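Hello,

Here is the structure I promised to hand over. Please open it next to this email and follow along.

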Amino acid sequence: MLRQIKSAAIFGIDAVVVTVEVDVGRGMPSLGIVGLPGNAVREARDRLHSALRNSGFSIPAKRVLINLAPANIRKEGTQFDVAMAVGILAASSQLKGDFSCELFIGEVSLSGRIKPVSGVLPMMLMAKKKKIKKVFLPADNCPEAATVSGVEIIGVKTLAELADHLAGRNPVPAYVGSKIELGYDAYPDFSEVRNQKFAKRALEIAAAGGHNVLMIGPPGSGKTMLALRLPGILPPMSEKEAIETTCVYSASGLLPRETGLMKTRPFRNPHHTISDIALVGGGANAKPGEISLAHNGILFLDEFTEFNRNVIEVLRAPLEDGKISVARVRGSHTFPASFMLVAAMNPCPCGYLGHPTRECVCTPYQISKYRSKISGPILDRIDIQIEVPALRFGEIYSNGEEESSAQIRQRVVAARQIALSRLEGRGIYTNARLRVKDIKKFCKVSSSALKLLERAVDRFSISKRAVDKILKVSRTIADIESSENIKDEHVAEALQYRLESM
Ligand SMILES: Nc1ncnc2c1ncn2[C@@H]1O[C@H](COP(=O)(O)OP(=O)(O)O)[C@@H](O)[C@H]1O
Ligand SMILES: [Mg+2]
Ligand SMILES: [Zn+2]
């Protein structure tokens with residue numbers, strides 16, 4: 001007898017339906033799996049034998065053939081186990097009924113327990129799109145699955161429990177998730193950073209407009225300290241953003257079990273020894289890289305000049321497009337990668353150029369060679385570039401009141417709201433992502449501001465691209481001040497967030 005059961009596979013970070021066909025026929029007792037099964041799928045044969053026996057069933061002493069369709073994609077993972085088990089039971093009349101409309105996901109252990117798997121959120125989104133009404137899942141995956149509404153979820157712990165449910169004995173009630181509050185982790189607070197008014201203001205603007213930031217300053221000036229506090233002043237993710245980010249983590253197997261959705265914006269902080277593949281994604285399994293794990297959040301590259309040059313250069317395309325194409329054997333995957341880049345570096349190889357008390361020992365040649373590690377095209381994609389000066393002892397150990405992250409965040413959230421309503425329907429959410437035609441429309445400045453820009457262009461050989469960047473930052477500053485028009489003072493301030501020496 002031939003039975004068809006639906007399951008799902010992860011392809012990139014998206015899910016596709018896999019039909020598990022089970023045929024039980026005459027012949028030597030055997031269990032074969034065809035249809036490009038990966039190693040974990042081939043090992044299912046052994047798991048199924050024990051799991052079925054330990055759940056009170058058996059694999060019939062006949063020729064059992066399992067085919068996974070479509071045959072053109074390689075099936076990785078253990079999530080087809082449950083569908084194969086149900087197919088075997090149905091095809092050998094150990095279970096009566098038609099189970100061809102529901103989706104079955106889950107790994108079985110030798111004892112018959114159903115264990116959680118990766119990629120459940122993308123699978124649920126796919127089920128919803130394909131109008132699949134009911135999904136059977138490992139109980140442990142239910143919080144993640146329940147973030148998608150409109151599909152019934154039955155969470156099961158063992159094969160025996162599942163079989164009882166399918167046979168109409170002891171039905172398992174549908175899982176109902178609780179509402180997930182999107183918000184913040186306990187980040188360190190900006191009030192701990194003394195002084196550094198200029199850097200703090202720049203980071204507030206960066207947060208409000210989603211602008212990339214480069215901080216240059218001597219060791220100990222507080223660059224890392226500032227960067228670690230940036231996530232605490234970003235607005236919470238929207239539900240749409242949270243689902244996008246969670247899909248990347250779910251498909252990568254990095255989603256903590258008890259969390260349904262990623263509740264906070266990701267903050268990724270890879271070490272400078274990272275490879276280009278680990279950063280942007282790819283490799284044998286075409287996995288998402290750090291930039292996709294930072295989607296809708298922050299990618300912090302500390303000691304920026306220590307990264308390999310080719311590693312920095314692969315950031316060009318995603319910084320421009322907000323996504324990355326990763327090559328596979330046939331074709332490619334596209335992963336989302338819309339992140340805020342925050343980079344920090346020393347001003348020179350010894351670190352002390354411009355330091356108030358220590359002397360720099362670098363030659364001009366060493367300094368220019370050091371800075372040239374960050375290429376023009378990369379710098380062009382960083383809207384806000386600032387120097388973070390080393391403070392004197394008295395400035396660090398002063399007693400003044402400093403603003404808290406919560407206070408700064410209020411202004412950031414308000415400014416983002418203004419930008420969001422302006423950008424409604426354009427598929428972009430921040431000023432940093434404004435395109436040339438949007439800049440023409442939304443970043444109009446007075447003729448006197450244009451003169452100011454022109455003078456700056458003449459004096460500092462600023463490129464057309466850099467002018468657009470200044471206009472975008474001016475727009476964000478105006479949004480923070482809730483000013484509909486960009487005023488001259490906003491343009492003047494935006495001009496300060498550029499490093500002439502780079
Ligand atoms: N503005 C500041 N206010 C309070 N402490 C500071 C400040 N700047 C630096 N520090 C102290 O100096 C330490 C080193 O700062 P860090 O962020 O690691 O510097 P950098 O990354 O620029 O080398 C911090 O952990 C903090 O204790
Ligand atoms: Mg540091
Ligand atoms: Zn130096």
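Pro 70 sits in the loop that joins strand S4 (63-69) to helix H3 (81-91). Helices here are DSSP runs of H or I with at least four residues, strands are DSSP runs of E with at least two, and both are numbered from the N terminus. The peptide bond from Ala 69 to Pro 70 is cis, with omega near 0°.

A word on the basis: this is a predicted model, where local features need pLDDT of at least 70, side-chain atom pairs count only at pLDDT 80 or more, and totals for chains, interfaces and linings use all residues. Residues are numbered from 1 along each chain as its sequence is written, chains are lettered from A and ligands numbered from 1 in the order in which they are written, and side-chain values use heavy atoms, with hydrogens and water left out.

Next, helix H4. It spans residues 120-129, and 7 of its 10 residues are buried. Buried means under 20% relative accessible area, exposed means over 50%, and partly exposed is in between (1.4 Å probe, protein chains only). Among the buried ones are Val 120, Leu 121 and Pro 122.

Lys 131 comes just after H4. It lies in the loop between H4 and strand S8 (134-138). Its phi is near 60°, a positive value in a residue other than glycine. Lys 131 is exposed, with a relative accessible area of 67%.

Leu 36 also has a positive phi, near 50°. Look for it in the loop between strand S3 (30-34) and helix H1 (39-42). Leu 36 is partly exposed, at 39% relative accessible area.

Now the ligand. Which helix gives the most to the shell around ligand 1? It is H8 (residues 223-229), with 3 residues. Lys 223 lies in this helix. An oxygen atom of ligand 1 is 2.7 Å from an N or O atom in the Lys 223 side chain. For the side chain of Thr 224, the distance to a ligand 1 oxygen is 2.7 Å. Taken alone, ligand 1 exposes 560 Å², and the protein buries 70% of that. These areas come from the Shrake-Rupley method with a 1.4 Å probe; for residues, only the protein chains shown count as cover.

Back to Lys 223. It is buried yet has no salt bridge (a side-chain nitrogen of Lys or Arg within 4 Å of a carboxyl oxygen of Asp or Glu). Glu 303, the nearest side chain of opposite charge, is 6.1 Å away. Lys and Arg count as positive, Asp and Glu as negative; His and the chain ends are not counted.

Best wishes

How values were computed
Polar contact = N/O pair within 3.5 Å; in protein donor to acceptor, adjacent residues only side chain to side chain.
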